[in-house]
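Open the structure in your viewer and keep the sequence panel in view. The stops below say what to select next and what is there.

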Amino acid sequence: MIRLNDITSQILTYHPKANIELVEKAYVYSAKVHQGQIRLSGEPYLSHLLEAAYILTQMKMDVICVVAGLLHDTIEDTDVELEEIRRLFGEETANIVGGVTKISKMQFSSRKQQQAENIRKMILAMSSDIRVILVKLADRLHNMRTLGYQRPEKQRYIAAETLDIYAPLAGRMGINWIKSSLEDLSLYYLEPEIYEKIRNEVAQKKGEREKFLREMKELLFEKLAEFNIKASIKVRDKHFYSIYKKMSDQNLTVNQVYDILAFRVIVNSIKECYEVLGHIHSMFKPVQGRFKDYVSVPKVNMYQSLHTSVIGPLGQRMEVQIRTWEMDRVAEEGIAAHWKYKEGPFASKTDDKQFAWLRQLLEWQKSLKDPVEFLETVRMDLFPDEVYVFTPIGEVKAFPKGSTMIDYAYSIHSEVGEKCMGARVNGKMVPLRSQLKNGYIVEIITSPKQHPSKDWLEFVKTPRAKTKIRSWINRQEKDEGINLGKSLLEKALARQHLNLTNILKSEQLSAIAGELSFHSVEDLLAQIGLGKISPKQIIGRLKPKLGIKEEKPAGIVTKMVDRIKRRRLDHGIKVKGVSDMLVRFANCCHPIPGDPVIGFITRGRGITIHHKNCSHVVKSEPDRLVEVSWETSKDDIYVARLRVTSEERKGILADVSSIITQKNANIIEADVKTTTDSKGISLFTIEVQNSKQLQDIIVALKKVKNVLIVERL
């Protein structure tokens, strides 16, 4: 239990000339008015006030704020009037205590109008003295630490409220250690099983992790010493809620969250920050897309640091934060780091940015008369990257900004997502790709005939929706592949006058599947349906198992014809004078329907189809050429290759890929290179149906900004 001496000693460490007598006076007064009051834990109520005051000293708050912490419950829980607090402890203390009292009954889990009014009161109290919310954060942190004495339903209620409002407020004010503590404690009560799993997993690897951390610190010290950079290196684990969020957002297990470790390098100047960044990137491979520069562009709460993720010596991800000592102080203490004890409740004018977001909230509370609208505005400001919508029964659901009706449907249940065909927002029909907005009341309309579409993947945001959609599509493609593969194999067997009574249960096919490293006959048929294995290959393996021997043909001409592998007639090419022959397309020119073509008879490999202008055909033996013509079906797919030359521009590869996809072509291979003169050379191998489709793609690509040349290879 915290004692008065702990509080006064802590104050003197950062404010040696503090008026300790005022703190002692507040302690005696608080003990007197709260005498006989007991907490659920069985401890005197005074213990809570001492704990809250001590938390304020950990924030390095001034004497007035600490005194207010000792007195913050006097108006609400005793017969004391605010005027008496003002007379005994001064105007500032009374204003803070009064402000805390006004918001002490704030509720954030209902949609009632009173909730919005309580939020408005809190913002107004903060406007007169921001220390109001700092005292409230200290009060809430200790209440969360002793939440175990409450009933389970109240534990969840208070934890949800803390996670909804108080933790984000602490983060917005830059007091990250309080934010992290509140989040972890909330997680403990809201998701106890997940919390324990994370705690156990982290604890199991503690020894291994500590050894690695020591070695890495030594390595970093040695490297920076080579360049005469004096640095302090701190190490920390990600707090449990941060791990939980990453697991939830990216659909990972605890063991898949690799960057649990974070190193903090603290140096003397901004110049050294960037120098250290360069040295770390020279030592370890940086992870693309994981570098953030909050030094040149600080966060709204004035947080500054360089963040980068690198691949460590053992192949694991490590987060490295690089900052100056002043940046580190602001990162830890937030608004409190700017506190000036003699300047009253606000810091100097140079720190105005720190309070810009609060002034914006004050403007909103003046202009937005509708309490619910005001509440949603506050929520949007505290959660700039999230939107909150309601189910028809009033349940609140949070989504990443940009999420759609389909994300909402999958959040209810995967079957609702798969069958959703429309949505109502506030009673009105909207398209499925419409984005969710704060305050929407969303109802999903389903149909048993509806199913997911690949197009949905282009606009859904949540990992859950993307995972479920991909899973459904993969299942459907496999089922279609099995049916198609079965049909192709049956036709090939019929042409060879072979018969298997039940393909799916055939022992011979099961053995062949095992030989080819497939788990089942269904997997084998799916690969046939996808075109990765030909029915002829299977028949070649099947015949010996059925006791059928291959007959060797006699004569050169017969040998050439009989060795030609036969193929289905619907592969798009008709050979003049010959039927049912293996036809393949040349890799040198990749002819597609619409191109003038010629056939070339190869020894033992059937007929290869070339473009008539292909250089290989021009130099070939005329006797081996045979006339062919296109005889395509709508299901035939052909390979074409494109080379796109462009100027260097961020996002150009995505633009080009998007055009190809929009034209219903499939990219099966891509190779991107950058030339010495900053030109981009992108080689695409794509699947198309005919030359008209390919020409449409080429025309569309030429219109893309910064694309210089588009060539078919």
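A residue is called buried when its relative accessible area is under 20%, exposed when that area is over 50%, and partly exposed in between. Glu443, at a relative accessible area of 36%, is therefore partly exposed. The model you are looking at is predicted.

**Whole chain**

Start with the protein chain as a cartoon. The chain has 28 helices and 21 strands. Of its 713 residues, 46% are buried. Show the surface next: the accessible surface of the chain is about 37,500 Å², and carbon and sulfur atoms account for 50% of it. Among contacts between residues at least 6 apart in sequence, 64% join residues at least 24 apart.

**The sheet of β9, β10 and β11**

Select residues 420-425, which form strand β9, then 428-430 for β10 and 442-446 for β11. These three strands make an open sheet in the order β10-β9-β11, with antiparallel pairing. Both β10 and β11 are edge strands, each pairing on one side only. From one strand to the next, the twist averages 35°. Strands in a sheet pair through backbone hydrogen bonds, in a parallel or an antiparallel way.

Look at the pair β9 and β10: three bridges join them. Within this pair, Arg424 is opposite Met429 of β10. Now add residues 405-412, helix α19, which packs on the sheet and touches β9, β10 and β11. The direction of helix α19 makes about 80° with that of β11.

Stay here and show the side chains of Glu443 and Arg424. What do Glu443 and Arg424 form? The two form a salt bridge, and their closest N and O atoms are 3.7 Å apart. Glu443 sits in strand β11 and Arg424 in strand β9, 19 residues apart, so the pair links distant parts of the chain. Arg424 is partly exposed, with 29% relative accessibility.

**Helix α16 and its salt bridges**Select residues 325-333, helix α16. Met327, Asp328, Val330, Ala331 and Glu333 are buried in α16. Just after this helix, Gly334 has a positive phi of about 60°.

Show Asp328 together with Lys234. Their side chains meet in a salt bridge, 3.1 Å from N to O. Asp328 lies in helix α16 and Lys234 in strand β1 (residues 232-237), so this pair ties together parts 94 residues apart in sequence. Is Asp328 buried or exposed? Asp328 counts as buried because its relative accessibility is 5%, while Lys234 is partly exposed at 34%. Add Arg264 and Arg323 to the selection: with Lys234 and Asp328 they are linked in a network of salt bridges. The structure holds 18 salt bridges.

**A pair within helix α11**

Go to residues 176-190, helix α11, and show Glu183 and Lys179, which lie four residues apart, about one turn of the helix. An α-helix has 3.6 residues a turn, so residues three or four places apart point the same way. Glu183 and Lys179 form a salt bridge, with 3.0 Å between the closest N and O atoms. Glu183 is buried, with a relative accessible area of 8%, whereas Lys179 is partly exposed at 24%.

**Two nonpolar cores**

Select Ile7, Ile11, Leu56 and Met59. These residues touch the most other members of the largest nonpolar core, which has 69 residues. Which residues is Ile7 in contact with, leaving aside its neighbours within four places in sequence? They are Ile2, Val23, Leu50, Ala53, Tyr54, Thr57, Val66 and Leu70. A second, separate core has 24 residues, including Phe212, Ile233, Leu261 and Val320.

**Asn666**

The last stop is Asn666, in strand β19 (residues 666-674). Asn666 is partly exposed, its relative accessible area being 40%. Not counting residues up to four places away in sequence, Asn666 touches Thr685, Ile686 and Glu687. Finally, select Ile637 as well: Asn666 and Ile637 are 29 residues apart in sequence, and the distance from C-alpha to C-alpha is 9.7 Å.

Technical notes:
Residues numbered from 1 in each chain as written. Predicted model: local features only at pLDDT ≥ 70, side-chain atom pairs only at ≥ 80, totals over all residues. Heavy atoms only, no water. Pairing = 2+ DSSP bridges. Helix = DSSP H or I, 4+ residues; strand = E, 2+ residues; numbered from the N terminus. Axes fitted to C-alpha atoms, helices over the stretch in contact; angles between N-to-C directions. Contact = heavy atoms within 4.5 Å. Buried < 20%, exposed > 50% of the residue type's maximum accessible area, 1.4 Å probe, protein only. Areas by Shrake-Rupley, 256 points an atom, 1.4 Å probe, with all protein chains shown as cover. Salt bridge = Lys/Arg side-chain N within 4 Å of Asp/Glu carboxyl O. Core = buried A, V, L, I, M, F, W, Y, C linked by side-chain atoms within 4.5 Å.
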